[in-house]
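Welcome! Please take a moment with the sequence and the model, and then let us walk through a few of the contacts together.

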Amino acid sequence: MSIFQKIIDGEIGADIVYEDGRVMAFRDINPVAPVHVLVIPKSAIVSVAAAVPEDELMLGHLMLVAAKVARDLGLEEQGYRIVTNVGALGGQSVPHLHLHILGGRAMSWPPG
Ligand code: 5GP
């Protein structure tokens, strides 16, 4: 069971900024930007690479919630970044799909 499943199940705490029946958003425990929030589906899916056509609604909802959370946290005017890491070379460390919302500082491109 991944650490995010334990957060979903309430076994470990998190600083939750949004939750509904399908997704949760909470602050990253090790932020790399002034605002760093993770948005995750409550359904168990390892990454976007594991998504199937039946996940289409969930994936759309996940992205819309990320935009809403960014708006609610005041990031929209200055801009922000949404990232999802996939697998080892992608830098994924938790095997449960998540979007990173990063804001509050200028982002570089390309990422390191
Ligand atoms: P990944 O490297 O898989 O793209 O991102 C995983 C993120 O989860 C990391 O930024 C890491 O800091 C965060 N993280 C890992 N464990 C926990 C935890 O227990 N609570 C919270 N809030 N974030 C976590």
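Which side chain meets that of K42 in a salt bridge? It is the side chain of E19, with 2.8 Å from N to O. Please keep in mind throughout that this is a predicted model.

## Salt bridges across the chain

The K42 and E19 pair links distant parts of the chain, 23 residues apart. K42 sits in the loop between strand 3 (35–41) and helix 2 (56–72), while E19 belongs to strand 1. How accessible are the two partners? K42 has a relative accessible area of 24%, and E19 has 42%. Values between 20% and 50% count as partly exposed, so K42 falls into that class, and so does E19.

The structure holds four salt bridges. Another of them joins the side chains of R27 and D15, at 3.5 Å from N to O. This pair, too, links distant parts of the chain, with the two positions 12 residues apart in numbering. R27 lies in strand 2 (residues 23–27), and D15 is found in the loop between helix 1 (3–8) and strand 1 (16–19). R27 is partly exposed at 33% relative accessibility, and D15 is partly exposed at 45%. As general background, side chains of opposite charge can pair when their charged atoms come close.

## A salt bridge within helix 2

Where do D72 and K68 lie? Both are in helix 2, four residues apart, which is about one turn of the helix. Their side chains meet in a salt bridge, with an N to O distance of 2.7 Å. D72 counts as exposed because its relative accessibility is 52%, and the cut-off for that class is over 50%. K68, at 32%, is partly exposed.

R71 also has its place in helix 2, and R71 is partly exposed at 44% relative accessibility. If you would like a sense of span, try the C-alpha atoms of R71 and A50: they are 21 residues apart along the chain and separated by 28 Å.

## Around the ligand

How many residues surround the ligand? There are 18, and the closest are R27, D28, N85, S93 and H100. R27 is therefore worth a second look, because this partly exposed residue was already introduced as the salt-bridge partner of D15. Among the secondary-structure elements, helix 1, strand 2 and strand 3 each supply at least two residues of the shell around the ligand. Helix 1 gives the most, with three residues.

Several polar atoms of the protein can be picked out beside the ligand. An N or O atom in the side chain of D28 is 2.5 Å from an oxygen atom of the ligand. H100 places a polar side-chain atom 2.8 Å from a ligand oxygen atom. With I29 the backbone is involved: one of its N or O atoms lies 3.2 Å from a nitrogen atom of the ligand. Taken alone, the ligand exposes 520 Å², and the protein buries 83% of that. The space taken by the ligand is the largest pocket.

## A cis peptide bond after strand 5

Which residues does a cis peptide bond join? They are W109 and P110, and omega is about 0°. In general, most peptide bonds are trans. P110 has its place in the segment after strand 5 (99–103), and W109 is in the segment after strand 5 as well.

Is W109 buried or exposed? W109 is exposed, with a relative accessible area of 68%. The C-alpha atoms of W109 and A14 are separated by 30 Å, and the two residues are 95 apart along the chain.

## A buried valine

V94 is found in the loop between helix 3 (87–90) and strand 5. Why does V94 count as buried? Its relative accessibility is 14%, and buried means under 20%. In sequence, V94 and I3 are 91 residues apart, yet their C-alpha atoms are 7.3 Å apart in space.

Conventions
Residues are numbered from 1 along each chain as its sequence is written. This is a predicted model: local features need pLDDT of at least 70, side-chain atom pairs count only at pLDDT 80 or more; totals for chains, interfaces and linings use all residues. Side-chain values use heavy atoms; hydrogens and water are left out. Buried means under 20% relative accessible area, exposed over 50%, partly exposed in between (1.4 Å probe, protein chains only). A residue is near a molecule or strand if one of its heavy atoms lies within 4 Å of it. A polar contact is a pair of N or O atoms within 3.5 Å; within protein, one must be able to donate a hydrogen and the other to accept it, and residues adjacent in sequence count only if both atoms are side-chain atoms. Accessible areas come from the Shrake-Rupley method with a 1.4 Å probe; for residues, only the protein chains shown count as cover. On a 1 Å grid over the protein atoms alone, a cavity is a set of points where a 1.4 Å probe fits but cannot get out, and a pocket is an open set with protein on both sides within 12 Å along at least five of seven lines; lining residues have an atom within 4 Å of a point. A molecule sits in a cavity or pocket if more than half of its atoms lie within 2 Å of its grid points.
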